[in-house]
Amino acid sequence: MKRALVLGAGGFIGSHLVKRLKQEGYWVRGVDLKNPEYSPTHADEFIVGDLQDVMVVAKVIDLGLDEVYQLAADMGGAGYIFTGDNDAQVMHNSALINLHVAHECSKKGVGKVFYSSSACVYPERNQMDPNNPKCGEDSVYPADPDSEYGWEKLFSERLYFSFSRNTGLNVKVARFHNIYGPEGAWNNGKEKAPAAICRKVAESAENGVVDIWGDGKQTRSFLYIDDCLDAVRSLMKGEFSGPVNIGSEEMIAINDFVKLVCDVSGKNVRINNIEGPTGVRGRSSDNRLIEEKLGWKPNYSLREGITKTYNWVASQSKKTVTV
Ligand code: NAD
């Protein structure tokens, strides 16, 4: 039986990944600062620990691990990443985790390491036009991410590839573009646009008003969690190391996204665009490389994925209100 370690297994993508690996027959160890919030972990062993502590990292990365998935990071949506208030913590926490994990994986001879980077590595200058953002993998340099979160991701990509070159560590790096789905942060200040908008609409009255940050013309694409996991697993199985985008090319303006959520909810809600942290003007995945190297494409349309996500957020919100 293959042994996998998922770091960040108490988080959104990590907890779903643990489930996927179990379905595929792996023995799985999960590690996080906290247990998954919305359903019990499926991991065979779950260790609550702080990966900033080198002793914890040395303990959880033991000999004979076939695969390590490094998803632990200090992250959140625009309200967390783009205000500047959390910059020192984001950089310090995530960089320490990656420094320890890369070193320990190399020392212990781990089979393969997956590192989750982000679309936030791409330079701001290529994402000023909401209708024509450029996020091809090779457009990342000269570097100019618009957040410290993005700079840390870029540093850590380079860190893992350095270990690959100098110690032969088998590294896989993906740049996730806005992954969403059930069981992600939706109301704790770390929620990202899809969950936040689903919550606002779910909690609005039938003919209510929702406040949306920015002018609503900023564009994004969103990838449903199951598609993300298919791509991660495909990357781990092949020869290609990346870095590669894992995202959707179904780009949509934020106000149109809100209308889609309203449509799914059956509510007739008015949009009130207000000032707030928004990030770049346009961003969408460029999937040419992943299609060429892995033959991967998303299966879920935005409407399908958002229907599942809206229903989950609405059920959570109902529980909170009635408790
Ligand atoms: P998440 O916040 O739900 O999960 C991250 C987990 O890391 C959290 O459970 C957190 O407790 C844990 N963590 C943070 N610091 C830790 C520490 N010191 N020790 C142990 N655990 C620690 O986020 P997610 O959406 O599941 O994202 C997973 C990974 O994918 C992250 O690296 C994130 O940067 C990356 N990513 C996600 C998206 C997205 O759209 N969700 C986009 C780009 C990149």
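**Exercises on aromatic pairs, a buried glutamine and a helix contact**

Y180 is buried, its relative accessible area being 4%. This value, like those below, belongs to a predicted model.

**Exercise 1.** Determine how Y180 and Y224 are arranged as an aromatic pair.

*Solution.* Step 1: the ring centres are 5.6 Å apart and the planes stand at 65°. Step 2: planes over 60 degrees apart count as edge-to-face, and the pair of Y180 and Y224 is accordingly edge-to-face. Step 3: Y180 belongs to strand 7 (residues 179-180) and Y224 to strand 10 (residues 223-224), so the pair ties together parts 44 residues apart in sequence. Step 4: Y224 is also buried, with a relative accessible area of 6%. Step 5: ring pairs join Y180, F222, Y224, F257 and Y300 into a cluster.

**Exercise 2.** Establish whether Q127 is buried or exposed, and identify the side chain with which Q127 makes a polar contact.

*Solution.* Step 1: Q127 is located in the loop between strand 5 (112-118) and helix 5 (148-167). Step 2: the relative accessible area of Q127 is 0%, so this residue is buried. Step 3: the side chains of Q127 and R283 are joined by a polar contact of 2.7 Å. Step 4: the residues that Q127 touches include Y122, K134, C135 and V280.

**Exercise 3.** Describe the packing of helix 1 against helix 7.

*Solution.* Step 1: helix 1 (residues 12-23) and helix 7 (residues 225-237) pack at about 65°, with axes 10 Å apart. Step 2: the crossing is right-handed. Step 3: among the contact residues are F12 and I13 of helix 1 and L229 and R233 of helix 7. Step 4: the contact comprises 6 nonpolar, 1 polar and 4 charged residues.

Definitions and conventions. Residues are numbered from 1 along each chain as its sequence is written. This is a predicted model: local features need pLDDT of at least 70, side-chain atom pairs count only at pLDDT 80 or more; totals for chains, interfaces and linings use all residues. Side-chain values use heavy atoms; hydrogens and water are left out. Axes are lines fitted to C-alpha atoms, for helices over the stretch in contact, and angles run from 0 to 180 degrees between N-to-C directions. Helices (H or I, at least four residues) and strands (E, at least two) are DSSP runs, numbered from the N terminus. A crossing is left-handed if the near helix is turned anticlockwise from the far one by less than a right angle, and right-handed if clockwise. Contact means heavy atoms within 4.5 Å. Ala, Val, Leu, Ile, Met, Phe, Trp, Tyr, Cys and Pro count as nonpolar, Asp, Glu, Lys and Arg as charged, and the others, Gly among them, as polar. Buried means under 20% relative accessible area, exposed over 50%, partly exposed in between (1.4 Å probe, protein chains only). A polar contact is a pair of N or O atoms within 3.5 Å; within protein, one must be able to donate a hydrogen and the other to accept it, and residues adjacent in sequence count only if both atoms are side-chain atoms. Rings of Phe, Tyr and Trp (its six-membered ring) pair if their centres lie within 6.5 Å; planes under 30 degrees apart count as stacked, over 60 as edge-to-face and the rest as tilted. Lists of a residue's contacts leave out its neighbours within four places in sequence.
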